[in-house]
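Dear colleague,

I am passing on the structure below, and my notes on what was found in it follow directly after.

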Amino acid sequence: MIRNYADLTSYEMGQIVREETIVLIPLGAVEQHGHQAPLGTDMMIAGAMPEYIRQEMEKRDPDFPMLLFPAIPVGLSVEHMAFPGSITMKPDTYYHVLYDIAESLHTHGFRKLVFLVCHGGNRPAVELLSRQLRHDFGIYAFILSSGAFSHPEVQATISEGNSWDFHGGEMETSMVMAIRPESVKPSLSETGYKAGGYRGKNAVNFSGPAALPWMGEDLEDCHGRPIGIGGNPAGASAEKGRVILRRSAKELIPALMEIRDWEI
Ligand SMILES: [Zn+2]
C-alpha cells in the first residue's frame, strides 16, 4: 500500500516491513520561473507528483510497498539567484540534509530510497549522495526524474516551438496551473529564450563553465530578454498540465516496480 510517511503514527511505522518498503523522497526547488509562474513551481510539482504516482500505481498494484516522504522544498538553485526570490542551499548543505534524512531512514531499517528529482539542478548532488549511502549504510538509493517532457503524448499537447523548453515555459507553467492555478499570472507572461549551457566550438566532452544564459553577470546578455525561462508560456493550460503530470507518473511505474523487485 502507498501511504504518506508523515501520516503514519510511530506505532503504525513499527508494523511496516521496512526493509522491503520503498521511501520516495521528492526534491523540489524555490526559484524563479519567469514572470508568470511562481517561485514554488518545482516545490509544487514535487508536492503533487507523488499523488499522481500513487494513482497510477494503484491501478497496477494496490499493495505496492511505498511511503511518500514530504517533498524537500528547497534545493540547488544558484543559477537563479540573480532573480528576486530564488533560494538556494549550498551543495554541501544540501548533500548533508539529504544524507541525514537517509541515515535516519536507515536507522529505522529502510533499505530502498528513491529520490524523485523535480529540479534538474539537484541531480548532481543526489548522484554523489547515492553512492555514498550505498557505501556507508548499504542503502540502495535510486534516482528518478519527474517530467516526461519528451514523451510523444506530452509533446503533442505543447505549442510549436516550445517542445524543448523545460524551465518555466509552457510545460512547467501548465503543470502548476493543474496544481495551484491561482499562483500563475498569465497576464505577466513573456517569452524567453531556449535554455542551454555553454557550448564550446569543437568542444567534444568539454562542458565549459556551467553557466546558463541568465546566470549572474551574463544576465544582461540574454538576448535582451533576460527573463530566465525557455519558450513562450502563453499557451499553458491546466488541462495540458494534467496530461504532463499523469504521463510523467505513468512513465515512472515500470522503474518503481523494478526497484521493488531489486534483490537486496
Ligand atoms: Zn522548474
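His 33 is buried, at a relative accessible area of 0%, where buried means under 20%, exposed over 50% and partly exposed in between, with a 1.4 Å probe and protein chains only. Please bear in mind that this is a predicted model, in which local features need pLDDT of at least 70 and side-chain atom pairs count only at pLDDT 80 or more, while totals for chains, interfaces and linings use all residues. Residues are numbered from 1 along each chain as its sequence is written, and side-chain values use heavy atoms, with hydrogens and water left out.

The zinc ion is coordinated by His 33 through NE2, and by Asp 42 and Glu 172, each listed twice, through OD and OE respectively, at 1.9 to 2.8 Å; donors are N, O and S atoms within 2.8 Å of the metal (3.2 Å for Na, K and Ca), and because water is not among the atoms, sites may look incomplete. Along the chain these donors follow the spacing H-x8-D-x129-E. Distant parts of the chain are linked in this way, since His 33 lies in the loop between β2 (22-27) and α2, and Glu 172 lies in helix α6 (residues 170-179), 139 residues apart. Glu 172 also counts as buried, at 6% relative accessibility. Helices here are DSSP runs (H or I) of at least four residues and strands (E) of at least two, numbered from the N terminus.

Helix α2 (residues 41-60) packs with helix α7 (residues 238-261) at an angle of about 60 degrees, their axes 8 Å apart, the axes being lines fitted to C-alpha atoms, for helices over the stretch in contact, with angles from 0 to 180 degrees between N-to-C directions.

With kind regards
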